[in-house]
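Biologist: Before we begin, please display the model. I should then like to put some questions about its ligand and its core.

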Amino acid sequence: VPVNFKRRNLLKVIVLGDSGVGKTSLMNRYVYNKFSQQYKATIGADFVTKELQLDDKLVTLQIWDTAGQERFQSLGSAFYRGADCCVLVYDVNVHKTFESLHNWRDEFLKQANPDDSETFPFIVLGNKVDVDGGSSRVVSKKKAMEWCASKGNIPYFETSAKEDYNIDEAFFCVAKIALANE
Ligand code: GDP
Ligand code: MG
């Protein structure tokens with residue numbers, strides 16, 4: 001396989017959001033189709049990869065997770081360098097995780113320093129919509145979509161890593177907007 005082909009279709013994706021919102025769970029569900037109730041603050045790898053077909057292109061998503069550092073320290077520039085898309089995750093049942101989205105977005109723009117911060121592809125995931133059948137949610141879909149609209153029409157998906165809801169759709173969108181921005 002020609003090197004150029006590979007390089008052109010490798011997309012680096014950064015997943016950010018407060019600790020506990022389900023970042024690792026979403027990645028594990030998407031890449032391995034696995035879910036665990038157990039809370040594990042660390043994982044072994046810096047990133048996982050998944051190939052998908054997008055129109056006539058074979059795309060490899062390289063999805064970077066935090067190993068729990070999001071709680072207490074900055075993630076370092078290697079983490080952000082060369083990102084093609086940034087996934088911002090919050091928990092629809094915990095309001096402060098929604099309030100944190102603008103900090104994560106700012107932090108990303110500061111650290112990754114993309115060519116055009118106005119058009120850089122972000123995506124927002126409102127996770128854990130399954131909890132108590134939706135009765136314990138505190139952030140409405142409308143409110144989340146308004147925030148996304150105010151930041152330059154960021155695509156928004158509601159997800160459940162537990163129930164495997166909307167995750168393929170969300171990462172398909174990740175691949176699409178990342179590729180479109182290259
Ligand atoms: P991270 O700190 O953002 O990586 O969050 P984790 O992926 O470690 O998840 C934190 C906790 O939330 C774990 O106990 C997961 O099992 C749980 N969790 C993650 N996603 C969901 C979800 O969609 N629904 C429910 N009910 N629990 C979830
Ligand atoms: Mg994690």
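Biologist: How many Å separate a backbone N or O atom of Ser36 from an oxygen atom of ligand 1?

Modeller: This is a predicted model, in which local features need pLDDT (the predictor's confidence in each residue, from 0 to 100) of at least 70, side-chain atom pairs count only at pLDDT 80 or more, and totals for chains, interfaces and linings use all residues. Residues are numbered from 1 along each chain as written, chains are lettered from A and ligands numbered from 1 in the order written, and side-chain values use heavy atoms, without hydrogens or water. A polar contact is a pair of N or O atoms within 3.5 Å. For Ser36, the separation is 2.6 Å.

Biologist: What part of ligand 1 does the protein bury?

Modeller: Gly20 also offers a backbone N or O atom, 2.8 Å from a ligand oxygen atom, and a polar side-chain atom of Asn127 lies 3.2 Å from a nitrogen atom of ligand 1. Taken alone, ligand 1 exposes 580 Å² (Shrake-Rupley method, 1.4 Å probe), and the buried part is 91%.

Biologist: Which helix gives the most to the shell around ligand 1?

Modeller: There are 21 residues around the ligand, counted when a heavy atom lies within 4 Å. The top contribution is three residues, from helix 2 (residues 23–32), where helices are DSSP runs (H or I) of at least four residues. The answer is helix 2.

Biologist: Which element gives the largest share of the largest nonpolar core?

Modeller: This core has 30 residues, Tyr30 and Leu61 being among those with the most contacts inside it; its members are buried (under 20% relative accessible area) and joined through side-chain atoms within 4.5 Å. Nine residues come from helix 7.

Methods
A polar contact is a pair of N or O atoms within 3.5 Å; within protein, one must be able to donate a hydrogen and the other to accept it, and residues adjacent in sequence count only if both atoms are side-chain atoms. Helices (H or I, at least four residues) and strands (E, at least two) are DSSP runs, numbered from the N terminus. Buried means under 20% relative accessible area, exposed over 50%, partly exposed in between (1.4 Å probe, protein chains only).
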